[in-house]
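This report covers selected strands, helices and side-chain arrangements of one model. The sequence and the structure come first.

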Amino acid sequence: MLSDATLSAWAKSDKDGGSLSLVRHLADSAAVASLVWDRWLPRHTKDAIAAGLPGEHADGRILLCWLAGIHDIGKLTPAFACQVRALAEVMHDKGLTWRHEPANRRSLPHGLAGQIELDRFLQLRGWRRKVAATYSIVVGSHHGVPPTPEEITRAPHLSSLLGTGQWARSREELLAEMTTVTGAEPRLGQWQQVSLSLTQQALLTAAVIVSDWLASNQDLFALDSARDSEPAAAAVWEQLGLPAPWAPRPQPEAELFQSRFELPAGARIRPLQVACMDLAARMPEAGLMIVEAPMGEGKTEAALAAAEILVRRFELGGVFMALPTMATSDAMFARVNRWVQRLPDTPGSMFLAHGKAALNPDFAELKRRGFAGIGLDCGDSAIAAHSWLVGKKGPLANIVVGTIDQILRAALKSRHVMLRHLALANKVVVIDEVHAADMYMSTYLCRCLEWLGAYRIPVLLLSATLPPAQRDSLLSAYQRGRLGGGLADPLEAGGGYPCVTVWPPVEANPVIEASGRSLAVQIIQISDDLATLVETVRTELADGGVAGIVCNTVGRAQETFSALLAAQVVEPDDILLVHSRFLAAHRSELEQRLRALLGPPADARDPRPVCRFVLVGTQVIEQTLDIDLDLLISDLAPVDLLLQRIGRLHRHARAVRPDRLSRPRCLVRGMDWRAAPPVPVSGSVAVYGESRLLRAAAVLFSTSETVVNVPADIPGLVEGAYAEVVDVPAAWSDAFGAAEQRWRQFLHDQRDRAQAYLLASPISEIGTLRGWLAASPPDDIDTVGGQAQVRDAEDTIEAIVVQRIGEQIHVLPEIPDFGGRPIPTATEPSARLAKVLAGCTIRLPASLTRYGRMKKVIDALEDNFYSGWQKSYWLAGELVLELDEQYSAEVADQVLQYDTVLGLTVESRKGAQRARRPA
């Protein structure tokens with residue numbers, strides 16, 4: 001029986017005077033934890049948590065319930081109790097006395113107090129300090145940030161905050177009670193021989209956090225200290241409807257693929273797809289699969305089919321698909337959603353993980369089902385965006401599609417990072433276009449792979465153009481985590497191309513035939529002047545056809561587009577510009593139009609919707625759009641990226657192309673080819689570095705033109721361009737050597753910058769999670785998606801764009817359904833209008849905020865403060881860019897001009913004044 005003093009301790013309160021006893025909250029949490037274990041965690045995660053425990057899963061379940069049942073023991077201290085005076089006085093009357101509110105109570109947060117008490121509790125029962133610390137750290141970390149070594153050392157000396165006498169007796173009494181009722185008492189003697197690993201500590205902490213969040217939700221658990229926790233938790237669980245782990249049933253591989261994907265009539269599964277499913281079925285244990293295959297070879301479908309097999313074989317709970325950008329994630333979400341809808345054993349929840357996910361129409365539809373109410377009615381579909389799985393909890397859903405940032409942040413020191421570990425440890429992880437990670441991002445990616453290897457998570461890495469050194473680095477990282485720092489036997493990549501590298505290796509790794517699609521692409525140098533470009537496009541499209549022009553910077557794309565438009569190379573309706581400096585809503589419309597005009601035809605015999613068309617764009621063309629070009633004109637880029645662009649050339653089967661464009665050609669500009677070495681334009685150097693561009697030129701061009709066989713030549717070109725030593729003409733030697741030195745220094749600096757917030761390795765010798773997140777980034781990292789830390793990019797600003805006409809602001813006229821509508825500013829806009837405005841965002845170019853202008857720009861945008869917007873979920877806290885009636889604004893001495901055709905341009909005020917001055 002617990003004493004009156006212990007029963008008087010409180011854990012929760014509300015503004016109306018209600019409260020919940022600490023005893024009841026801990027019992028609620030333990031009861032919820034038992035359901036988290038029984039109904040929510042997949043077997044693979046349970047295996048990871050229970051590893052090394054003598055009672056295996058039975059012990060894992062008891063351990064989780066026990067830690068959840070004691071996680072808030074630190075609330076039984078004066079430092080916590082004094083926060084609500086009326087409740088503290090009740091405790092005082094029962095013997096838990098205190099004189100006055102401690103001035104320094106924040107020096108002992110209740111998580112840290114609980115860790116100190118659990119350490120003491122276990123050591124009094126004969127536990128060694130080092131072993132006890134691996135258990136107590138879970139209690140200390142349950143608010144998402146483990147205590148630092150300094151905090152742990154200082155805490156026992158804060159006796160006035162911890163409480164002595166009856167305070168200590170009540171904590172001992174409550175710890176003993178929860179240890180008994182959760183079944184942990186008879187297990188302590190054996191657990192004291194088992195130190196928990198870092199992976200176990202992280203997963204247990206995350207599971208305790210989930211249990212605590214559920215038990216603390218007053219919509220689920222009312223402030224009623226008299227209830228019985230176990231039946232209440234069971235009723236809440238049924239009401240909540242939290243999806244169970246996905247459990248696909250076995251199915252023959254050929255039948256599985258045919259039923260999941262819509263193959264055209266007469267089409268067969270490609271050899272790569274057969275091989276991926278076969279290898280997934282034969283992997284001796286969960287491991288790493290690196291899939292290298294040409295663009296358009298069906299890597300995504302191969303990965304999803306293999307992931308389904310791996311989920312079933314290794315008893316995981318779902319799949320996490322990561323891509324380079326929000327745009328690629330949005331496009332992939334629609335594809336994955338179609339796949340999910342065709343699964344016979346439908347996963348219960350799905351989540352889109354990036355900062356603009358709420359604006360994705362497919363995800364919005366799933367949210368509509370999931371948020372209809374607790375207790376889901378999904379209509380014809382059993383999948384939903386579950387109403388509890390939002391924000392930091394979103395990646396815990398069964399099926400997740402998101403940006404690679406969401407994976408990289410598992411290696412970023414940030415609050416609640418252990419929840420991200422739990423989300424990944426539940427799933428097969430697929431990372432598409434993995435070659436796109438630069439050295440900074442790769443530093444985080446390799447650390448992520450160490451953790452995924454330590455968790456024994458199956459990982460699939462997909463790429464068409466993966467440099468061998470990058471492949472080896474990623475493989476080594478996974479092996480380090482899996483082997484605890486040991487070295488694996490050397491592993492050669494799968495032979496040929498396409499190829500699949502598997503570790504741990506399988507017997508008889510198959511040689512994979514290409515699907516038969518092959519192109520001999522002629523690559524030709526052309527000069528960089530606009531006059532040459534205009535005449536080239538005019539000549540090449542004389543008999544019709546589609547030309548795509550890819551520029552390395554937005555400014556060059558805008559300049560190129562303007563020159564072609566002025567020269568009337570094609571009709572104004574038959575030329576389109578696409579880049580990142582359009583409003584999100586406008587860019588979405590542009591990309592939809594491109595897919596309709598240049599996307600895959602239903603039948604190869606179908607004519608194009610246009611007979612002559614010019615597309616001008618930036619890297620968004622190489623990354624996001626499944627479109628088909630008759631002719632490609634591109635700025636020189638690193639070889640792997642140029643090959644990605646070439647992947648849009650003659651991409652789809654078409655019965656008829658103009659005779660002049662029947663042979664695929666890529667015309668390369670952006671260089672002064674007459675110099676030795678060739679001189680790239682400054683914008684390309686700023687984006688890619690001179691060294692990588694010169695390497696591309698050296699590998700591609702021994703003369704002014706060459707022929708590249710796609711896909712056969714892809715591996716050799718990529719390997720040659722990223723070799724340790726590249727042969728260049730003697731005349732290039734000095735300039736190339738200097739460029740190489742600058743590039744090596746840049747990579748070194750990127751690695752150094754990445755170290756600042758890099759999470760410790762799972763094979764480090766720190767022993768526990770203490771100090772795990774020391775020097776972590778600010779808590780508001782979630783508002784920017786973590787990009788400031790996991791991407792080495794200049795700081796930029798995003799703003800909602802509106803138009804001011806007189807005393808009112810309006811939606812821009814071109815926005816569908818709402819164009820030109822006045823917007824209230826003193827009152828809250830309707831939810832529908834607010835969501836439309838949230839889609840009218842634009843990311844301002846980094847050039848605007850350079851040279852110390854960041855604060856000046858933010859101050860200028862914050863002048864556009866609308867009090868009514870602060871009440872809106874969609875608009876609160878957002879910066880606003882007000883355009884005038886001429887679609888112009890002046891910000892920090894810069895003139896911003898928006899055009900629905902050209903996008904956003906930025907010019908200094910003096911330059912703009914000169915341009916407007918009459919001749």
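Buried means under 20% relative accessible area, exposed means over 50%, and partly exposed is in between, with a 1.4 Å probe and protein chains only. Helices (H or I, at least four residues) and strands (E, at least two) are DSSP runs, numbered from the N terminus. The model is predicted: local features need pLDDT of at least 70, side-chain atom pairs count only at pLDDT 80 or more, and totals for chains, interfaces and linings use all residues. Residues are numbered from 1 along each chain as its sequence is written, and side-chain values use heavy atoms, with hydrogens and water left out.

**Strands β4 and β3**

Strand β4 covers residues 318-323, and six of the six are buried, so the strand is largely enclosed by the rest of the structure. Its side chains alternate: G318, F320 and A322 point one way, while V319, M321 and L323 point the other way, and all are buried. Two strands pair if DSSP finds at least two bridges between them. Strand β4 runs parallel to β7 (residues 427-431), to which five bridges join it. In that pairing, A322 of β4 has I431 of β7 as its bridge partner. Five bridges also join β4 to β6 (residues 399-403), again in parallel, and here L323 stands opposite T403.

Strand β3 (residues 288-292) has five of its five residues buried, so this strand too is largely enclosed by the rest of the structure. On one side lie L288, I290 and E292, on the other M289 and V291; both faces are covered and these residues are all buried. The partners of β3 run in opposing senses: β8 (residues 459-463) is parallel to it, with five bridges, and β9 (residues 499-503) is antiparallel, also with five bridges. E292 stands opposite S463 in β8, and V291 has V500 as its bridge partner in β9.

**Aromatic pairs**

Rings of Phe, Tyr and Trp (its six-membered ring) pair if their centres lie within 6.5 Å; planes under 30 degrees apart count as stacked, over 60 as edge-to-face and the rest as tilted. The count by this rule is 15 aromatic pairs. Two of them are set out below.

| Pair | Geometry | Centre to centre | Angle between planes |
|---|---|---|---|
| W10 and F80 | tilted | 4.6 Å | 35° |
| F351 and F363 | edge-to-face | 5.5 Å | 90° |

The W10 and F80 pair links distant parts of the chain, 70 residues apart: W10 is in strand β1 (residues 10-13) and F80 in helix α5 (residues 78-81). Both residues, W10 and F80, are buried. The F351 and F363 pair also links distant parts of the chain, with F351 in strand β5 (residues 350-353) and F363 in helix α19 (residues 361-370), twelve residues apart. F351 and F363 are likewise buried, and together with F333 they form one aromatic cluster.

A charge sits over a ring if NZ of Lys or CZ of Arg is within 6 Å of the ring centre and within 35 degrees of the ring normal. R125 provides such a case, its charged end sitting over the ring of F121 at 3.6 Å from the ring centre.

**Helix α32**

The expected span of a helix is 1.5 Å times one less than its number of residues. For the 23 residues of α32 (residues 733-755) that gives 33 Å, and the end C-alpha atoms are 33 Å apart, which agrees. The buried residues in α32 are F736, A739, E740, W743, L747, Q750 and A754. Contact means heavy atoms within 4.5 Å. The elements that cover these buried residues include α22 (439-454), α29 (682-688) and α30 (690-700).

**Two single residues**

S21 lies in strand β2 (residues 19-21) and counts as buried, at 12% relative accessibility. A polar atom of the S21 side chain lies 3.1 Å from the backbone nitrogen of R24. Leaving aside neighbours within four places in sequence, S21 is in contact with L7, A9, W10, A11 and S225. W10 in this list is also the ring that pairs with F80.

I858, in helix α35 (residues 854-862), is partly exposed, with a relative accessible area of 27%. Not counting residues up to four places away in sequence, I858 touches I797 and L879. The C-alpha atoms of I858 and V880 are separated by 9.7 Å, and the two residues are 22 apart along the chain.

Definitions and conventions: A polar contact is a pair of N or O atoms within 3.5 Å; within protein, one must be able to donate a hydrogen and the other to accept it, and residues adjacent in sequence count only if both atoms are side-chain atoms.
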